[in-house]
Amino acid sequence: MAKAKSAYVCNDCGADFPRWLGQCPECKAWNTLTEIRLTSKTTPTSSERRGFSGITEGRVQTLNEVDLQEVPRFSSGFQEFDRVLGGGVVPGSAILIGGSPGAGKSTLLLQALCKLAERMPALYVTGEESLQQVAMRAQRLNLPTDKLRMLSETSVESICQLADKEKPAIMVIDSIQVMHMADIQSAPGSVSQVRESAAFLTRYAKQKNVAIIMVGHVTKEGHLAGPKVLEHCIDCSVLLDGSSDSRYRTLRGTKNRFGAVNELGVFAMTGGGLKEVSNPSAIFLQRAEDQGNGSVVMVIWEGTRPLLVEIQALVDYSALANPRRVAVGLEATRLALLLAVLHRHGGLQVSDQDVFVNVVGGVKVSETSADLALLLAIVSSFKGEPLPRELIVFGEVGLAGEIRPVPNGLERLNEAAKHGFKKAIVPIGNTPKTSPKGMEVIGVKNLQQALDVM
Ligand code: TYD
Ligand code: MG
């Protein structure tokens, strides 16, 4: 038998190297390389080396011959969760749900599985909490507990053996960081254990057509603890996010082999567990009666639906040689770019001012449709003139000061009208033939026009 070989894998980016290094050449992080043992194999024969090993009966076909059956899916019991997964759980898929401790991963999955167990065989494997703890939580949340099969185990081999007997259609592994495999000689939670356990469970999911949902903790930096490499082998990766001081949790896809990744699901943590929020705009829009200067509501697009969010700006005289530019929930480079456009095409000089902007509710915006709202909020704060409370704004700002249209203009306007907004400043390309009922829509061509009508 050949000697067991090792490789060194970076905890942060997942790159592997034949020997240990202090700094990862790929992502330049220090001290992140850990050793993993590769399972020993007998020396390959010459044909294996040339890549001809294990020839199977394959068939080459043209793309249009491939059977285009709809991927069958089943609902997780939560519409918001289904949406993030691209329309439900695909049988035989491996899903990773990440989140910081206390985000509510175990709660969400326990709620989902108790309900699913009524319809199909389901198995919940807990490696972190005891069976009593899980049972107490289920009882407190008033969940149906008579069908869900439970297992407290951390050995991947034993789990799969038992699952062979139970034949679940869906299985939860809580969490992947405590799982271990016998022939890997390192502690549970180490890169090699997590990586091999996840890979093994993913293969198992495919072979036995069991949907497996694995829980993964994230580190301080927001990475999935244990390697990024986890993301390579699984089918979907979703992140449950939310600070512990807020009731709201957002669920967002970061990788999905069966659908789009830009969907956002919103939940509220209540005394009775996680509840879906089907109208998220309402929660991000809780505004004070007297909103003051520098605040306006914009309509951003999240996956397949519009979301109304408030944006705030504070512009104040700076004593610093280099005034501060701080953006929370937006890219700082975008802010710098827009301030340059504001100076050149709006005639507003803010080079001696600190500029702070914030997207309310911890929402992160990566869309350019926020540009115009951001600039109007800045101008409002700078001039000390509040914007009308019933105004919504969206539109992309170009470097020549032109206001460019954004996708789904009408849907955005309709959503705003539904929430009682009466006035909209939007790109001229997004003005509809007939405005939504009760709303005045003002189309603008360039920044100067927008500043004139605000
Ligand atoms: P949990 O699902 O254990 O988090 P995770 O598995 O992601 O680490 O959720 C824990 C938090 O949720 C806990 O701090 C308390 C809160 N919580 C509620 O507020 N209400 C509830 O009904 C439940 C079950 C938990
Ligand atoms: Mg947990």
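1. Two strands count as a pair if DSSP finds at least two bridges between them. Keep that in mind for strand β4 (residues 94-99), which pairs with β8 in the parallel sense over six bridges. Within that pairing, I97 stands opposite V215 in β8. One caution before going on: what you have in front of you is a predicted model.

2. Now for the overall layout. The chain splits into domain 1 (5-44), domain 2 (72-278) and domain 3 (283-453). If you compare the C-alpha centres of domain 1 and domain 2, you'll find them 27 Å apart.

3. Let's look at the sheet that holds β4 and β8. What is its strand order? Reading across, it goes β6-β5-β7-β8-β4-β9-β10-β11-β12, an open sheet of nine strands with mixed pairing. At the edges stand β6 (149-152) and β12 (273-276); each has a single partner strand, so one side of each is left without a neighbour in the sheet. Ignoring direction, neighbouring strands here are turned by 25° against each other on average. As a reminder, strands of a sheet pair through backbone hydrogen bonds, either parallel or antiparallel.

4. Stay with β8 a little longer. Is it mostly buried or exposed? Six of its seven residues are buried, so β8 is largely enclosed by the rest of the structure. Strand β8 (residues 211-217) also runs parallel to strand β7 (residues 170-174), and four bridges join the two. In this pairing, I173 sits opposite M214 of β8. Follow the chain and you'll see that β7, helix α6 (residues 191-208) and β8 build a β-α-β unit, and a right-handed one.

5. Next, the nonpolar interior. The largest nonpolar core has 63 residues, and L113, M171, I173, L201, I212 and M214 are the ones with the most contacts inside it. Helix α3 (residues 105-116) supplies the largest share of this core, with seven residues. Domain 1 (5-44) and domain 2 (72-278) each put in at least three residues. Try picking out L201 in the viewer: leaving aside neighbours within four places in sequence, L201 is in contact with A94, V156, I173, I212 and M214. There is also a second, separate core of 50 residues, including A373, I378, V426 and A450.

6. On to the other sheet. This one is open too, with seven strands in the order β15-β16-β14-β13-β17-β20-β21 and mixed pairing. Which strands form its edges? They are β15 (325-328) and β21 (440-444), and each pairs on one side only. From one strand to the next, the twist averages 25°.

7. Zoom in on the β15 end. Here β15 and strand β16 (residues 353-359) run parallel and are joined by four bridges. One residue to click on is V328, whose bridge partner in β16 is N358.

8. Finally, check the helices against this sheet. Helix α10 (residues 371-383) lies across β13 (295-302), β14 (305-317), β16 and β17 (391-393), and runs at about 35° to β14. Helix α11 (residues 409-418) packs on the sheet as well, touching β13, β14, β17, β20 (423-427) and β21. The direction of α11 makes about 80° with that of β14.

Technical notes. Residues numbered from 1 in each chain as written. Chains lettered and ligands numbered in written order. Predicted model: local features only at pLDDT ≥ 70, side-chain atom pairs only at ≥ 80, totals over all residues. Core = buried A, V, L, I, M, F, W, Y, C linked by C-beta atoms within 7 Å. Buried ≥ 20, exposed ≤ 12 C-beta atoms within 10 Å, placed from the backbone. Domains from an automatic or database assignment. Contact = placed C-beta atoms within 7 Å. Axes fitted to C-alpha atoms, helices over the stretch in contact; angles between N-to-C directions. Right-handed = clockwise from strand over helix to strand, strands pointing away.
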